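Thank you for sending the model; my comments follow as numbered points. They begin with the central sheet and then turn to a helix and to the chains as wholes.

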Amino acid sequence: MTAREQILGDIRRSLKRAAGEPPLVEAAPLPAPALRVPLTDRNLYADLFGKKFENLGGKFFRVRDAAAVVPAIAELLSQKSAVASNSPFLRKCGITGLPQVHAAFTDRDELKAACAAADIGITSADYALAATGTFVMLSSHNEARLVSLLPPAHIAIFPRSRLLANLDELLSILPRPADQTSSMVLITGPSRTADIEQILVRGVHGPGEIYAVIVDEE
Amino acid sequence: MKAPETEIQQAVDDPRLQLAIYTATRRLIDHRAGVVSDEVLPHYQDLRNEANAIKKHTIENLDYYLEQLESNVIAHGGNVVFCRTGQEAADFVLDLAKQRGVHMLVKSKSMTSEEIHFNERLEKHHLEAVETDLGEYILQLAHQRPYHIVAPALHLTRYDVADVFTKELGAENEVVIEKQTKFARGVLRQKFLQADIGVSGANFLIADSGAIVVVENEGNARLSTSAPKIHIAIAGIEKVIPRAQDLAVFLNLLGRSATGQPLTVYTSFLSGPRRATEIDGPDEFYLLLLDNGRTKLLEDPEKRQSLYCIRCGACLNHCPVYRKIGGHNYPWVYSGPIGAIITPQFHGVTEDTWLPFASSLCGACAEVCPVKIEIPKLLIKLREEVTEVQRRQGAGDLERFAFRLFAWIATHPKIYLLLASLGSLFFPIVPKIGPLKKWASQRSLPEPANQSFHQYWASRVAARRGSS
């Protein structure tokens, strides 16, 4: 008997269920999904996000349009090396054209080496959650996983329209994220640990510094 | 096995350790309290009820959801491996590593892997498994098991950590926590970039998506699952939940209950290897579904709720016993109230018979459990089972004799009165010297009254007669 057969067999014997039997709902019904989306004015999301994000230790910028992005973060980028994702929005904001920014990676190993050496990783964000100050990143040809992870600092630049109320709204828009991507990650604040004496230290394995730039007009 | 009384006494007598446990759990208690209050999370109790209902439904139909999970993982290009035991899980990893020529793997924190002594099993066959969660890494170097489900190195100070890094890695003796962290980051970063296999646990398995969810704060789980070419996830079969949308319930509870975070820093939702158009991520994905005794817990309809646990650790933080005796005095990797109910069920009630009794049944654990496991009720049930087994083994004969004797005495008033007056005469000294010494040492006994009720009643009746 294979391990699979034995485990499923043991489960069915204990639960008194037959193979292939659909879920029984009488004794233990499955509640309908409970998604709670607050009825807040969407125009307030950017400010709410900014507040939550800064409470977590991030730094928040809000600019009027794409042209204002580079001037806003110029100081952050000076004397630093950066890797940018392939997001079209970053191109639109003029990030990929900057001399210190390496971009347009398509090879995994080259990207990994570049991210391991860079000071800053620059990405967009597919969504952002106002209630928790969270970036939502879906891995794709536009967004690699490692850009927001290996460098010690991470900047996410995204239009205001990508802001959602909270996790519940995200799950109502993406009821099955796995249909689109092998990796959806929610990033809520800088990498942190409190494993030694409960003392908070930022930047243990992921970026210790994170920045959000919200662009009002797309 | 008997309770490790000497070790427990040592833990209780160690002021440094007591302070460490007390401060850490106090902080976790406060952080949790701050994010589940009515003002911040008015529907907290609804979430707990929903979480309990979803877990109940899933566990009652576990075979169905495991098969659904399996077919969806395969649909996304992943592989599912059922493992009856820890040895089967380790053997699978060893075989795969051999086939791919891998000599080192990186690991993110997983209680399930601790449970099966995963690293030791691999190292026996010269496959190096590097723990990458800071706390777990320190413990691996110090050859210790986790002290707490979510704060594994809670019992160690910065000085202990400095000693471990110096002794095991030849590092300079550094006692500044930020610098210790930076040092570990540097060492482990190299491991992440070199390793060809990354192993993770899973907090949830999503049946309708064929996905796993991993929550963490450091980024080591993201690195373990994204940088190497192969990702292997090990999870107990009870971790499955039906739908991705159920995460709205569970993620809102897990971080809050564990560390007081509305969401942990990273929540990774992973399914299969990287897709054709994705730039990075693993080429191969394996999900190891582990039984290791879990199917045994399903038999009893009441006790199977032990499998609802999402390993938040809140019951440990709030438990007056855990907070006094610490994590290492529990017989298994799962400590605290949840450990006290699952250990006897995994290992058999005859193994650590003392464990279900090591509780004051105060109920704090059940009050904070995000999935509403009735821990005190299960402790009592396990006590019954332990007692029943011991009765069958002939234990408790003395106790039964004592009660029969008492019944006889109580139905013979003259003898009862005689013994009662003798009892109150000798009461002050008997517990201090007799066989009750140990029992009495933990309890404040009531002083016997100067006058027995019989005497009082007789004098009252006499007084009434006198006045009438």
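**Notes on the model**

1. Strand E2 (residues 104-107) of chain B pairs with strand E4(B) in the parallel sense over three bridges; two strands are said to pair if DSSP finds at least two bridges between them, and strands (E, at least two residues) and helices (H or I, at least four) are DSSP runs numbered from the N terminus. Within this pairing, B:Gly198 of E4(B) is the bridge partner of B:Val106, while B:Lys107 stands opposite B:Val199 in E4(B).

2. Please keep in mind that this is a predicted model, in which local features need pLDDT of at least 70 and side-chain atom pairs count only at pLDDT 80 or more, whereas totals for chains, interfaces and linings use all residues. Residues are numbered from 1 along each chain as its sequence is written, and chains are lettered from A and ligands numbered from 1 in the order in which they are written.

3. E4(B) also pairs with strand E7 (residues 230-236) of chain B, the two running parallel and joined by four bridges; here B:Val199 has B:Ile232 in E7(B) as its bridge partner. Both faces of E4(B), which comprises residues 197-200, are covered, since B:Ile197 and B:Val199 on one side and B:Gly198 and B:Ser200 on the other are all buried (20 or more other C-beta atoms within 10 Å of a residue's own, with 12 or fewer counting as exposed, anything in between as partly exposed, and C-beta atoms placed from the backbone).

4. These strands belong to an open sheet of six strands in chain B, with the order E1-E10-E7-E4-E2-E3 and parallel pairing. E1 and strand E3 (128-131) of chain B stand at the edges with a single partner strand each, so one side of each has no neighbour in the sheet. From one strand to the next the twist averages 25 degrees.

5. Helix H4 (residues 62-75) of chain B has 14 residues and reaches 20 Å from its first C-alpha to its last, close to the 20 Å expected at 1.5 Å a residue, where the expected span is 1.5 Å times one less than the number of residues. Its buried residues include B:Leu62, B:Tyr65, B:Leu66, B:Leu69 and B:Val73, and just after the helix B:Gly77 takes a positive phi of about 90 degrees.

6. What do the buried residues of H4(B) pack against? Their partners include helix H1 (3-15) of chain A and, in chain B, helix H3 (44-60), strand E1 (79-83) and strand E10 (284-290). H1(A) and H4(B) pack at an angle of about 150 degrees, with their axes 9 Å apart; that makes H1(A) roughly antiparallel to H4(B), a term for angles over 145 degrees. A:Leu8, A:Ile11, A:Arg12 and A:Leu15 in H1(A) meet B:Leu62, B:Asp63 and B:Leu66 in H4(B), contact being defined by C-beta atoms, placed from the backbone, within 7 Å.

7. As for the chains as wholes, chain A has six helices and twelve strands, and 50% of its 218 residues count as buried. Its C-alpha trace spans about 65 × 45 × 40 Å along its principal axes. Chain B has 22 helices and ten strands, 48% of its 468 residues count as buried, and its C-alpha trace spans about 105 × 55 × 50 Å along its principal axes.

Technical notes:
Two residues are in contact if their C-beta atoms, placed from the backbone, lie within 7 Å. Axes are lines fitted to C-alpha atoms, for helices over the stretch in contact, and angles run from 0 to 180 degrees between N-to-C directions. Angles under 35 degrees count as roughly parallel, over 145 as roughly antiparallel, 65 to 115 as roughly perpendicular and the rest as oblique.
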